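Colleague: Please give me a close look at one part of this model, the stretch where strands and helices take turns. Walk me through it slowly, since I'm new to this.

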Amino acid sequence: MNVAVVPAKNEQGRIGKVLTLLQQTLVEKIVVVVNGSRDDTMQEINALNMENMEILYFAQELGIDVPRAIGAYHAYTDGATCVVFVDGDLVGNIRIQINELIYAVTTNMTDLAMTDCYPELAYSSKLAEQTLFFRTFLNLNLGFYDKIGVATPSHGPHAVSRKLLELVDFRDFAVPPVVLAFAVRQGLSVDVPTKLPQKQLGSKIRNYSHAKKIADTIIGDTLEAINYFRSKPRTRCYLNKEYQGYNPFRRFDILEKFLTMT
């Protein structure tokens, strides 16, 4: 069963488009993880009345990427053979990319399939340049840069296999680059079967403060992944600077409770 995990927080006006798009792909079931929404996200989802959709509702804000971990574990326990992750604000036309990710996992036996969101390394800002430097740094350390470039499960739709789900620590889905490092360490199949430039994803346009925190989050995550890969303490420091971003707001406590109670 091909399952899409869709995190959604305050995605009124967008979430309906994303879920409708997924109905036009190889996705067979959708798990929406609604967390901390204060708008009409839930009403918009319910109005679609989709039979193959399940909603996991959390009144609390789970923090960035924790909904992925919760959705992945739920899909796994439900018997998913392929899980594709799609953020709830991606209103771009990504049908082809979703199908290519699922095809890579279900037919080509890829265990982690990612999207190349920078097919041309054109930096739109200093923040993008800095983030891509660390993504390059990680993939070089993994020995996979020549194959996957700057691709990361932190950015763009991506999919994983049942095999990976059976081996992974689900907590690591909350720090996406660690899943990439894990897959490489385990000798699993990692590939980038599809591409879509960042600007075509259709994600929300945010302010600089948010973009800076997202950049620091991803940089810190890549540093954790490098340290994990090297079997070192998973610090988020580089050249005496600690990159936290939104990491302190990740509700690992709620994730832990979900993993142990379900």
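Modeller: Start at asparagine 35, whose bridge partner in E3 is phenylalanine 58. Keep in mind that this is a predicted model, where local features need pLDDT of at least 70, side-chain atom pairs count only at pLDDT 80 or more, and totals for chains, interfaces and linings use all residues. Residues are numbered from 1 along each chain as its sequence is written, and side-chain values use heavy atoms, leaving out hydrogens and water.

That bridge belongs to a parallel pairing: strand E2 (residues 29-35) and strand E3 (residues 53-58) share 6 bridges (pairing takes at least two DSSP bridges; strands are E runs of at least two residues, helices H or I runs of at least four). Add helix H2 (residues 41-48), and E2, H2 and E3 make a right-handed β-α-β unit. Right-handed means that, with the strands pointing away from you, the path from the first strand over the helix to the second runs clockwise.

Further along the chain comes helix H3 (residues 66-77), which packs against helix H10 (residues 252-261) at an angle of about 5°, with the axes 10 Å apart. H3 and H10 are therefore roughly parallel to each other, a label for angles under 35 degrees. So who touches whom there? On the H3 side you'll find Val66, Ala69, Ile70, Tyr73 and His74, and they meet Leu255, Phe258 and Leu259 of H10 (contact means heavy atoms within 4.5 Å).

Notes:
Axes are lines fitted to C-alpha atoms, for helices over the stretch in contact, and angles run from 0 to 180 degrees between N-to-C directions. Angles under 35 degrees count as roughly parallel, over 145 as roughly antiparallel, 65 to 115 as roughly perpendicular and the rest as oblique.
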